[in-house]
Amino acid sequence: MTIIHPLQNTLTSRDGSLVFAIIKNCILGFKYQSINHWEYVGKWTDNFDKTQEVKKDIVKEQQGQNSEIENENKNKKLKSNKGDSIAKTEVKVPSPGIGAPPIYSYIRNLRFTPDESRLIACADSDKSVLIFDVDKTSKDNVLRLTKRFSFPKRPNAISIAEDGATVTVADKFGDVYSIDINSNPEEKFTQEPILGHVSMLTDVHMIKDSDGHQFIISSDRDEHIKISHYPQCFIVDKWLFGHKHFVSSICCDKDYLLLSAGGDDKIFAWNWKTGENLYTFDYSNLIKPYLNDQHLAPPRFQNEDNDIIEFAVSKIVKLENLPFVAFFVEATKCIIVLELSEKLRGNLAFKQIITFPYNVISLSAQKNELQVTLDNKNSSDVQNNFAKFIQYNSNDRKFVVNDEKSNNFDNTIIKSVKGDSNLDTKEEDTYPLYNISSLRKHGEHYS
Amino acid sequence: MKAKPLSQDPGSKRYAYRINKEENRKELKHVKIDESTLVQEGQKIDLPKKRYYRQRAHSNPFSDHQLEYPVSPQDMDWSKLYPYYKNAENGDMIKKVTIADIGCGFGGLMIDLSPAFPDDLILGMEIRVQVTNYVEDRIIALRNNTASRHGFQNINVLRGNAMKFLPNFFGKGQLSKMFFCFPDPHFKQRKHKARIITNTLLSEYAYVLKEGGIVYTITDVKDLHEWMVKHLEEHPLFKRLSKEWEENDKCVEIMRNATEEGKKVERKKGDKFVACFIRLPTPTIL
């Protein structure tokens with residue numbers, strides 16, 4: 001059965017009027033008019049032809065190899081024993097064999113500039129950072145691609161400085177680059193990284209303290225959260241030590257509160273200015289009822305009783321206007337909300353678990369609203385439950401799903417993109433939606 | 001069927017040797033050796049034989065090894081490595097590690113540094129398991145055989161990946177000297193990130209080094225030498241020291257002659273390129 005591919009992520013503007021959603025290599029724009037009126041206001045598809053890029057690389061490499069061969073030949077004899085000249089060795093062009101893993105072209109890391117006049121995203125196809133102009137008044141296409149900065153390794157996380165121009169890009173190989181989005185992208189990438197880890201980077205944030213000093217906070221797969229100065233990135237301020245497994249997500253604010261989570265069964269609260277670990281919140285008992293077969297350790301790390309479970313927080317967010325933090329564990333049907341009872345001391349207390357019909361695949365927050373997208377590939381005949389909008393009800397002090405808003409959003413998606421072959425998928429052909437738990441280290445290399 | 005490597009074949013001499021040494025390590029690694037703990041007065045332990053510790057020459061710094069490292073520098077129990085410097089009353093360490101030999105190999109540098117810097121604790125870090133075992137066995141034997149004068153109590157070795165976990169061991173400004181002796185050259189362009197000196201890693205070395213601390217580098221590969229000099233000179237927190245300085249420094253002398261690699265290069269009459277750098281004061285934060 002063909003279905004619309006689940007939404008991989010969403011981003012909402014500060015006033016809630018504009019929602020961007022990612023499906024595969026597409027960004028879709030929706031305008032929120034009223035609780036029962038959404039409008040489809042544009043789509044951008046990454047049509048970058050990767051094969052051209054690959055060809056260019058191969059030709060370049062071949063030229064390099066050929067010149068090496070020529071050099072060698074100069075030193076050796078140019079003719080064979082029989083006297084005829086030796087033909088140049090052809091360099092093979094590699095092609096993926098049968099059974100090679102499929103290549104997915106994700107769009108990742110949607111971010112607005114502070115004034116929301118531009119949207120920034122990352123494309124896997126050419127490992128680039130994309131800059132869009134956002135025209136909120138446009139009826140048919142709010143997005144216009146203006147620049148494309150391509151990087152040597154895949155950007156994994158991005159962050160935008162307050163100035164709205166400096167973007168820091170953290171890549172899979174451990175390096176952090178800084179670009180000015182007002183500059184023009186170079187044809188060939190020549191920049192040096194401004195800082196780096198010898199590990200896969202998972203998140204990055206740029207933030208200012210009350211004295212106006214800027215910092216870059218970066219987290220990695222080797223349990224590290226590193227705080228460096230900016231623009232003097234060569235000065236490391238400190239590390240935040242405490243995680244025993246990979247860090248997957250961090251969020252921080254100007255009041256020096258930083259929250260981090262990942263492969264540990266705890267949420268960490270820090271004062272990023274002093275480096276103090278303010279609080280740790282153990283969520284292992286809370287999550288237990290929601291764990292399933294997907295949380296069994298991979299077969300080669302499993303024990304004989306088949307009872308090693310591994311789970312990890314995929315994303316942690318903080319609401320801007322309310323003292324609440326929300327996070328979700330990969331491949332579970334719920335999000336957990338914690339209350340920041342005494343913010344400066346980082347005390348976290350359990351508030352609420354919100355459950356959904358399907359696994360959560362993304363979580364984002366805007367002012368006083370949480371947004372989740374769901375892995376709805378197994379939904380019934382009429383596909384629903386793409387996304388949920390969750391609001392805080394100050395009367396009974398609980399978070400509740402705004403069903404009307406969410407249902408109308410689902411309907412708008414179906415109405416807008418049903419039949420779009422690009423966004424359709426077979427149930428079994430969806431993009432991999434669960435990538436976090438694979439970051440866990442098992443120390444398999446011995447020597 | 002593929003034959004088992006000698007090291008895993010219970011009948012082999014190497015297997016027996018390794019098992020024996022492992023038991024020895026378990027027993028003696030963390031023990032404060034002095035005359036009273038010697039089983040028999042005057043009993044010497046033979047120095048380990050390198051041929052029983054063979055393994056591949058390289059280890060991938062990016063892969064997930066089974067490593068032990070503390071969550072933070074505060075969590076590190078140094079008294080296990082330097083039992084002689086543990087305050088018996090409160091259990092605290094009397095001294096902190098101030099000299100690090102990154103990629104210490106077979107430990108020759110540390111063994112010569114030990115008497116030259118009796119007031120410093122010196123730590124070697126090595127990523128290869130068998131090489132680390134060799135150095136441990138060598139230190140156990142040396143400590144044992146010089147027990148009457150408490151020799152070699154200020155050196156020890158850790159198996160670790162310094163490129164990833166150096167800040168887990170050392171605090172800000174803790175070190176006064178760091179040695180990078182004959183590091184893996186990683187000739188290929190695309191493997192340059194695996195080199196131990198890169199501009200991004202230098203910021204981390206600058207963090208653990210105190211102001212005025214020294215980075216020592218030596219290699220027999222000219223290309224790598226130039227690479228290391230280039231990156232250290234470009235880094236705002238390091239400045240190269242002069243040839244005169246090098247000639248008057250006792251560590252340079254030891255580094256040229258004490259390391260196993262240095263001796264090998266000497267035998268083969270190869271070049272040795274030395275460069276030393278001082279950690280500059282941290283500038284005003286903008």
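**View 1. Charges on chain A.** Chain A carries 55 positive and 62 negative side chains, and the centres of these two sets sit 3 Å apart. Keep in mind while you look around that this is a predicted model.

**View 2. The fold of chain A.** Start with the secondary structure here: chain A has 30 strands and three helices. Its radius of gyration is 24 Å, close to the 22 Å that the globule rule gives for 447 residues, so chain A is as compact as a globular protein of that length. Measure along the principal axes and the C-alpha trace of chain A spans about 95 × 55 × 50 Å.

**View 3. Inside and outside of chain A.** Of the 447 residues in chain A, 54% are buried. Now take the contacts in chain A between residues at least 6 apart in sequence: 49% of them join residues at least 24 apart. On the outside, chain A has an accessible surface of about 20,900 Å², and carbon and sulfur atoms account for 47% of that.

**View 4. Where chain A and chain B touch.** Here 36 residues of chain A are in contact with 36 residues of chain B. About 3,100 Å² is buried between the two chains, with 58% of that area coming from carbon and sulfur atoms. On the chain B side, look for D64(B), K193(B) and I285(B), which lose the most area to chain A. Together, these three make up 21% of what the chain B side buries.

**View 5. The fold of chain B.** Turning to the partner, you'll find nine helices and seven strands in chain B. A compact globule of 286 residues would have a radius of gyration near 19 Å, and chain B agrees with that, at 19 Å. Along the principal axes, the C-alpha atoms of chain B fill a box of roughly 60 × 55 × 40 Å.

**View 6. Inside and outside of chain B.** Buried residues make up 56% of the 286 in chain B. Among the contacts in chain B between residues at least 6 apart in sequence, 79% link residues at least 24 apart. The area that chain B exposes is about 14,100 Å², and 50% of it is supplied by carbon and sulfur atoms.

**View 7. Charges on chain B.** To finish, count the charged side chains: chain B has 48 positive and 38 negative ones. The centres of those two sets lie 5 Å apart in chain B.

How values were computed:
Residues numbered from 1 in each chain as written. Chains lettered and ligands numbered in written order. Predicted model: local features only at pLDDT ≥ 70, side-chain atom pairs only at ≥ 80, totals over all residues. Heavy atoms only, no water. Helix = DSSP H or I, 4+ residues; strand = E, 2+ residues; numbered from the N terminus. Rg over C-alpha atoms; globule rule 2.2 N^0.38 Å. Buried < 20%, exposed > 50% of the residue type's maximum accessible area, 1.4 Å probe, protein only. Contact = heavy atoms within 4.5 Å. Areas by Shrake-Rupley, 256 points an atom, 1.4 Å probe, with all protein chains shown as cover. Lys, Arg positive; Asp, Glu negative; His and termini not counted. Charge placed at Lys NZ, Arg CZ, Asp CG, Glu CD. Buried area = accessible area lost by both parts, 1.4 Å probe.
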